[in-house]
Amino acid sequence: MATVLAIETSCDETAVAIVKDRHVLSSVVSSQIASHQPYGGIVPEVASRQHVEIVNSAIAQALQEATLDWSGIDGIAATCTPGLLGALLVGLTTAKTLALLYQKPFIGVHHLEGHIYASYLAAADLQPPFLCLLVSGGHTSLIYVKDCGHYETLGQTRDDAAGEAFDKVARLMHLGYPGGPIIDRLAAQGNSKAFPLPEGQVSLATGGFHRYDSSFSGLKTAMLRLTQKLQQENQTLPIEDLAASFQATVAKALTKRAIACALDYGLDTIAVGGGVAANTGLRQHLQAAAQTHNLRVLFPPLQFCTDNAAMIACAAAEHLQRGHTSPLTLGAQSRMAIADVMQLYAHS
């Protein structure tokens with residue numbers, strides 16, 4: 001397999017990694033959480049400026065940790081879509097410049113395909129077809145992985161992504177940002193059955209509910225009304241119980257849809273990707289349900305759940321191995337359906 005250096009700057013992490021044959025030779029991640037915390041969310045301009053400041057030193061550190069120089073690199077990759085446009089441009093421009101300078105193939109990578117490939121880093125024997133449950137701050141999708149570059153979205157959120165719901169609920173409980181890790185930590189001390197909450201379902205025009213699509217806006221509203229009611233009654237908010245009840249509801253909703261989808265399509269493996277893949281409640285619910293149905297569930301190591309360049313490099317290495325390279329004219333796109341991944345490559 002090819003040895004690929006990849007740059008990931010789609011949001012608020014500046015990441016560089018080198019991967020060979022699904023083995024991570026180095027992985028550098030510089031988080032910007034502290035910079036964005038005062039604003040309660042990501043400020044795109046701040047993110048872009050910090051990427052510019054950090055990316056060169058991150059590249060040098062990745063090469064040093066892998067004990068490689070540019071002669072040992074077979075291809076250079078970068079996330080090109082989806083993400084914050086200004087942030088994407090930093091990594092994309094850097095990667096294309098290096099590819100030109102060192103005469104290496106350039107590979108543009110779809111960020112969601114990277115999250116799918118995070119599971120390959122944990123399980124070297126993983127092969128398509130399988131189902132990917134991709135849950136992050138910006139995405140909640142059930143993706144049928146047919147082959148490298150060939151994907152079909154079977155289910156998705158109709159409103160907030162799961163990670164976004166965690167952030168918003170944490171904000172209404174004044175817990176800080178990012179909400180996912182905080183709620184996960186508090187939920188461990190709480191009673192998940194303390195407050196019954198609506199799971200959120202998507203109605204079908206023909207009647208009934210969608211088996212795979214999610215909706216978290218109703219759950220978020222229910223949490224708002226519940227906290228307001230408790231405050232009006234002059235009660236101290238039972239933060240741990242609220243966190244546990246909310247987390248369990250999200251985990252059950254995601255688990256139900258993932259299991260139904262895998263069974264309906266005859267897929268025996270569910271690979272989970274994205275920041276919410278680190279959530280303890282989701283891991284416990286999904287693993288328990290999968291065991292009941294004799295399904296295999298794969299969670300990436302915690303460091304590869306959140307945005308990182310190792311997953312981007314892993315995806316790029318397989319594309320390069322198959323002769324898929326990108327033109328140096330490839331631009332950044334804030335959005336792109338994962339079904340359109342192969343548009344990023346000139347086939348050879």
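The exercises below, each with a worked solution, concern a predicted model.

**Exercise 1. The sheet**

Determine the order of the strands in the open sheet of 5 strands, and state which strands lie at its edges.

*Solution.* Begin with the order, which reads 8-7-6-9-10. The pairing in this sheet is mixed. Next, look for strands that pair on one side only: these are strand 8 (150-156) and strand 10 (296-298), the edge strands. Finally, consider the twist, which averages 25 degrees from one strand to the next.

**Exercise 2. A pair of strands**

Describe how strand 6 is joined to strand 7, and find the bridge partner of Leu-131.

*Solution.* In general, strands of a sheet pair through backbone hydrogen bonds, either parallel or antiparallel. Here strand 6 covers residues 130-135 and strand 7 covers residues 140-147. The two run antiparallel and are joined by 6 bridges. Within strand 7, Tyr-144 is the bridge partner of Leu-131.

**Exercise 3. Helix 8**

Establish the span of helix 8 and decide whether the helix is largely enclosed by the rest of the structure.

*Solution.* First, count the residues: helix 8 has 26. From its first C-alpha to its last it reaches 38 Å, close to the 38 Å expected at 1.5 Å a residue. Second, consider burial, for which a residue must have under 20% relative accessible area. Because 20 of the 26 residues are buried, helix 8 is largely enclosed by the rest of the structure. Third, look beyond the end of the helix: Gly-266 follows helix 8 and has a positive phi, near 65 degrees.

**Exercise 4. Two helices in contact**

Classify the packing of helix 6 (residues 179-187) against helix 8 as roughly parallel, roughly antiparallel, roughly perpendicular or oblique.

*Solution.* The angle between the two helices is about 110 degrees, and their axes are 7 Å apart. Angles of 65 to 115 degrees count as roughly perpendicular, and helix 6 and helix 8 are therefore roughly perpendicular to each other. Their crossing is left-handed. Helix 6 contributes Ile-183, Asp-184, Leu-186 and Ala-187 to the contact, while the residues from helix 8 include Ala-243, Ala-244 and Phe-246.

**Exercise 5. Phe-246**

Decide whether Phe-246 is buried or exposed, and identify residues that Phe-246 touches.

*Solution.* Phe-246 is located in helix 8. Its relative accessibility is 0%, so Phe-246 counts as buried. Leaving aside residues up to four places away in sequence, Phe-246 touches Ala-165, Phe-166, Val-169, Ile-183, Leu-197, Leu-219 and Met-223. Phe-166 is 80 residues from Phe-246 along the chain, yet their C-alpha atoms are separated by 8.6 Å.

Note on methods
Residues numbered from 1 in each chain as written. Predicted model: local features only at pLDDT ≥ 70, side-chain atom pairs only at ≥ 80, totals over all residues. Heavy atoms only, no water. Pairing = 2+ DSSP bridges. Helix = DSSP H or I, 4+ residues; strand = E, 2+ residues; numbered from the N terminus. Axes fitted to C-alpha atoms, helices over the stretch in contact; angles between N-to-C directions. Expected span 1.5 Å × (residues − 1). Buried < 20%, exposed > 50% of the residue type's maximum accessible area, 1.4 Å probe, protein only. Parallel < 35°, antiparallel > 145°, perpendicular 65-115°, else oblique. Left-handed = near helix turned anticlockwise from the far one by under 90°. Contact = heavy atoms within 4.5 Å.
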